[in-house]
Amino acid sequence: MNKNATPTEVANVVAHIVERGFRPVEMPGADRLAIGVLGSNAASIRDAIVDLPGVVDAVPVSKPYKQVTREWHPEATVVDVASVRFGDGSCAVIAGPCAVESRGQLLDIARAVHDAGAAMLRGGAFKPRTSPYSFRGLGVEGLEHLAEARALTGLPIVTEVLNPSDVEAVAEHADMLQVGTRNAQNFSLLEAVGEARRPVLLKRGLSNTVEEWLLAAEYVVSHGNPDVVLCERGIRTFETGTRNTLDLSAVPLVKSLSHLPVIVDPSHATGHRHLVASMALAAMAAGADGLMLEVHTDPEAALSDGPQSLTVPMFQELMGRLRRLAESLDRRLATAPSPKVGVSPA
Ligand code: PEP
Ligand code: MN
């Protein structure tokens, strides 16, 4: 719409869109008011609206994903997770164990990563495991430990949700809902987190193209949840020297195609702790809006993903290097909110 379009002109365009069976989405921006038109073959409406009063132009979005494109929303989206901001130029480090194994294990790791400067805590309570005989997480008890760790440290929590039926319970305890690589195209789950009132961390599917990944994000956004952070965690290739192949070029590619923030998980991407620091630094240099890192106080005894988990001293050293790299890039590491007062440490 013209910058000076009147409310009546806007309402008239909206009415034309609705009359033809499409869904209008008003998107006020700094320099323009855009009205998105959603529906199958929305471009067919162009001739009917392009000459209405107040309309400057009607532009079909060329990609199959719509609302997540820069064409739809040119400015970068900032996703706020309990005051930790993704996409504002800072780099937010999420750290913690692969799985919540016990209260003591989680609280020890939470304190360690907090003291080293992490902005958020991760830890799986519901674990997707390749083998049904592996440790599959503590479930709701794990969520309660995560909530306690947040109360003690202030670190907002991200944890994976596996089933649409668990979304409510996970959203009750967690600040951010993680959809894992194995569920990245579970469309019922994407719809369910789309209806939840929590930001979503969407991992790239094991064998997903960037287009499939962005279409998965479109499911979440089109179901009403605009707060999606994308996470590159390596894709499956012929290479067996690393657990997955980290596609770092996806970071600048996705940031050029989409306004959503993109973070990188070098732990699951490489599968080996001695490769994690190099890839974390490379990810920050490539423009990642954050990092997800597995850290354990005793990786040898970890119930899942020990080989890729950083020890606490390795994490501390990496945080120092990330801080120095951020400075040289005119960026900074995001910081954690303070814990709520009145909580006494256990
Ligand atoms: C995880 O982050 O705990 C996890 C299982 O990761 P991914 O879905 O990327 O394998
Ligand atoms: Mn893991």
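Reader: Why does Val170 count as buried in this structure?
Author: This is a predicted model, in which local features need pLDDT of at least 70 and side-chain atom pairs count only at pLDDT 80 or more, while totals for chains, interfaces and linings use all residues. Residues are numbered from 1 along each chain as its sequence is written, chains are lettered from A and ligands numbered from 1 in written order, and side-chain values use heavy atoms, without hydrogens and water. Val170 lies in helix α5 (residues 167-173), helices being DSSP runs of H or I with at least four residues and strands runs of E with at least two, numbered from the N terminus. Val170 counts as buried, that is, under 20% relative accessible area with a 1.4 Å probe and protein chains only, because its relative accessibility is 0%.

Reader: Which residues does Val170 touch, not counting those up to four places away in sequence?
Author: Contact means heavy atoms within 4.5 Å. With residues up to four places away in sequence left out, Val170 touches Phe126, Leu143, Thr159, Glu160, Val161 and Leu177.

Reader: How many residues of strand β5 (residues 92-96) are buried?
Author: Both faces of β5 are covered, since Ala92, Ile94 and Gly96 on one side and Val93 and Ala95 on the other are all buried. The strand is accordingly described as mostly covered, and its count of buried residues is five of five.

Reader: Over how many bridges do β5 and strand β12 (residues 290-294) pair?
Author: Two strands pair if DSSP finds at least two bridges between them. Val93 of β5 has Leu291 as its bridge partner in β12, and the two strands run in the parallel sense, with a number of bridges equal to five.

Reader: Is the crossover from β5 to β6 right-handed or left-handed?
Author: β5 pairs with strand β6 (residues 120-122) in the parallel sense over two bridges, and Ala95 stands opposite Leu121 in β6. The chain passes from β5 through helix α3 (residues 103-115) to β6, and this β-α-β crossover is right-handed.

Reader: At what angle do α3 and helix α4 (residues 140-153) pack?
Author: Axes are lines fitted to C-alpha atoms, for helices over the stretch in contact, and angles run from 0 to 180 degrees between N-to-C directions. The axes of α3 and α4 are 10 Å apart, and the helices pack at an angle of about 35°.

Reader: Which elements are included in what covers the buried residues of helix α10?
Author: In α10 (residues 273-285), the residues Arg273, Val276, Ala277, Ala280, Leu281, Ala283 and Met284 are buried. Their cover includes β11 (262-264), α9 (266-270), β12 and α11 (312-328).

Key: Buried means under 20% relative accessible area, exposed over 50%, partly exposed in between (1.4 Å probe, protein chains only). A crossover is right-handed if, with the strands pointing away from the viewer, the path from the first strand over the helix to the second runs clockwise.
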